[in-house]
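I opened this model to follow its strands and helices. My notes are below.

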Amino acid sequence: MELRGRTAMVTGAAGVLGKAICRALAVEGADIALVDNSDIALRATAAELGSELSERRFIALVCDVRMPAEVRATVARAQAELGRL
């Protein structure tokens, strides 16, 4: 699957499955907006993936997906920093 030039947003990105999804999408060429409610784990995950896949862009966005206003703000920030999702 070719995802070069695309941007993905992954919720639960600091968890094991979320990190694996982020890695798989980035390997295929996507830039990633990592979203989780755990700031420390999220930033560690973004740093780890960024060092492994330095040609991709990763941003860490803390968000509680149960809160609609936070989700809207997070999507807007991801779009502003990475472009169209």
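These entries go from the sheet to the helices and then to one loop residue.

**Entry 1. The sheet.** I am working with a predicted model. I looked up the strand order first. The sheet is open, with 3 strands in the order β1-β2-β3, and the pairing is parallel. β1 and β3 are the edge strands, each pairing on one side only. I noted an average twist of 20° from one strand to the next.

**Entry 2. Pairing with β2.** I checked β1, residues 7-11, against β2, and 5 bridges join the two. Two positions went into my notes. V10 is opposite L34 in β2. The bridge partner of T11 in β2 is V35. I then turned to β3, residues 58-62, and again found 5 bridges to β2. Here V35 stands opposite L61. I therefore have V35 listed with T11 of β1 and with L61 of β3, in line with the strand order β1-β2-β3, where two strands count as paired if DSSP finds at least two bridges between them.

**Entry 3. Cover on β2.** Is β2 buried or exposed? I went through residues 31-36, and 6 of the 6 are buried. In a regular strand, side chains alternate between the two faces of the sheet. I sorted the residues by face. D31, A33 and V35 are on one side, and I32, L34 and D36 are on the other. Both faces are covered.

**Entry 4. The crossovers.** I traced the chain from β1 through helix α1, residues 16-27, to β2, and this β-α-β crossover is right-handed. I did likewise for β2, helix α2 (residues 39-52) and β3, which also make a right-handed β-α-β unit.

**Entry 5. Helices on the sheet.** I asked which strands α1 touches. α1 packs on the sheet and touches β1, β2 and β3. Its direction makes about 170° with that of β1. α2 lies across β2 and β3. I noted that α2 runs at about 175° to β3.

**Entry 6. G12.** I ended in the loop between β1 and α1, where G12 lies. How exposed is G12? Its relative accessible area is 35%, so it is partly exposed. I then looked for contacts, leaving aside neighbours within four places in sequence. G12 is in contact with G18, V35 and D36. For D36 I also took the C-alpha separation from G12, which is 4.9 Å. The two residues are 24 apart along the chain. Both V35 and D36 are buried residues of β2, on opposite sides of the strand.

Conventions. Residues are numbered from 1 along each chain as its sequence is written. This is a predicted model: local features need pLDDT of at least 70, side-chain atom pairs count only at pLDDT 80 or more; totals for chains, interfaces and linings use all residues. Side-chain values use heavy atoms; hydrogens and water are left out. Buried means under 20% relative accessible area, exposed over 50%, partly exposed in between (1.4 Å probe, protein chains only). Helices (H or I, at least four residues) and strands (E, at least two) are DSSP runs, numbered from the N terminus. A crossover is right-handed if, with the strands pointing away from the viewer, the path from the first strand over the helix to the second runs clockwise. Axes are lines fitted to C-alpha atoms, for helices over the stretch in contact, and angles run from 0 to 180 degrees between N-to-C directions. Contact means heavy atoms within 4.5 Å.
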